[in-house]
Amino acid sequence: MDLWIGKNLEEKWREKEEKNWITDLQDAGYHILWYTLYRLKRGERNLLCITDNEEEMKIAKESGYPCIGIETMEKRIYGADCVTDTEDAVDSELCESVYNRHYEIPAVILETERLQVRETIPEDAKAFYQIYGNGNGAYLEQLPEEIEEEREILKDYFQKIYGFYGYGMWTVTEKKSGRVIGRVGVENEEWEGKVVLEIGYIIGKQWQRKGYAFEAASAILNYIKEETGEKCVYLKTDKENIASKELAKKLGFQIKREGKVCWFSKNL
């Protein structure tokens, strides 16, 4: 990844002899484009800008590049993709997150023996219409009639939901074939007046009865526990959806409330 470093940050780095956050990024394999050696040009390459100057940030954004702004209480920066109040917070994880969000590069969330779970991108829409329309749509929210509308929804979801929460519904692919076979993930839901995490999943009809839903959902529950520290996850399903109710119990969920919609919960 190419990182463009603003004027003030470059000068501060060159004044220091000891290792710092820029040196760490260099050691991690990032290519540094210094202010004094490279002028920003629109569309010339994919890069990420890092600056503590609002004018430089505006130039970066006008040139179509993502930008991390470093600010203080006395010197605010508005309009950057991400803002931090300390240089040391700019590490490889933050750079990857901002870069990938801007250039719509889906992050791999986790892998199991047979599956990969990654962020959903607009190009997944075609596969979703096939999955939802092949006998799987009875208990699901219907997709828009026009696929272009769904692509726009997924694009917005990629930027805003993943970018803000760090989680959501993700795409499941089969490692062996590389094909999109379903979705799995967690979203915010309301249970008795409080916001909780709810897990959801769907596996395409031709890939069912292979244990894929259990494999993917089990991995997601472990991921949520380890990455968010969440203590409890909820699940809801239509009372007529026998397969989903059986899977919930197999995953270790306990019934919370029965009715037209059945609610389950599981302590992590």
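Two strands count as paired when DSSP finds at least two bridges between them. With that in hand, here are the close-ups, all taken from a predicted model.

**View 1. The hairpin of S9 and S10.** Strand S10 covers residues 194-203, and S9 pairs with S10 in the antiparallel sense over ten bridges. To get your bearings, look for valine 184, which sits opposite tyrosine 201 in S10. Just two residues lie between the strands of this hairpin, and glutamate 192 takes a positive phi near 50° there.

**View 2. The hairpin of S8 and S9.** Here strand S8 (residues 169-174) meets strand S9 (residues 180-191), and the two pair in the antiparallel sense over five bridges. A handy landmark is valine 172, whose bridge partner in S9 is glycine 182. Five residues lie between S8 and S9 in this hairpin, and glycine 178 in the turn has a positive phi of about 80°. So which strands does S9 pair with? In this view S9 pairs with S8, and in View 1 S9 pairs with S10.

**View 3. The open sheet of five strands.** Read across the sheet and you get the order S2-S1-S3-S4-S5, with parallel pairing. Which strands sit at the edges? Those are strand S2 (31-34) and strand S5 (82-84), each pairing on one side only. Going from one strand to the next, the twist averages 25°. If you're following side chains, keep in mind that in a regular strand they alternate between the two faces of the sheet.

**View 4. A closer look at S1 and S2.** Strand S1 takes in residues 2-5 and runs parallel to S2, with four bridges joining them. One pair to pick out is aspartate 2 and its bridge partner in S2, histidine 31.

**View 5. Helix H4 against helix H6.** Helix H4 (residues 92-102) and helix H6 (residues 147-165) have axes that come within 10 Å and cross at roughly 160°. Angles over 145 degrees count as roughly antiparallel, so that makes H4 roughly antiparallel to H6. What is the handedness of the crossing of H4 and H6? The crossing is left-handed.

**View 6. The residues where H4 and H6 touch.** On H4, the contact is made by Asn100, Arg101 and His102. H6 brings Phe158, Gln159, Tyr162 and Gly163 to the contact. Sorted by class, the contact of H4 with H6 has two nonpolar, four polar and one charged residues.

Terms used: Residues numbered from 1 in each chain as written. Predicted model: local features only at pLDDT ≥ 70, side-chain atom pairs only at ≥ 80, totals over all residues. Heavy atoms only, no water. Axes fitted to C-alpha atoms, helices over the stretch in contact; angles between N-to-C directions. Parallel < 35°, antiparallel > 145°, perpendicular 65-115°, else oblique. Left-handed = near helix turned anticlockwise from the far one by under 90°. Contact = heavy atoms within 4.5 Å. Nonpolar A, V, L, I, M, F, W, Y, C, P; charged D, E, K, R; others polar.
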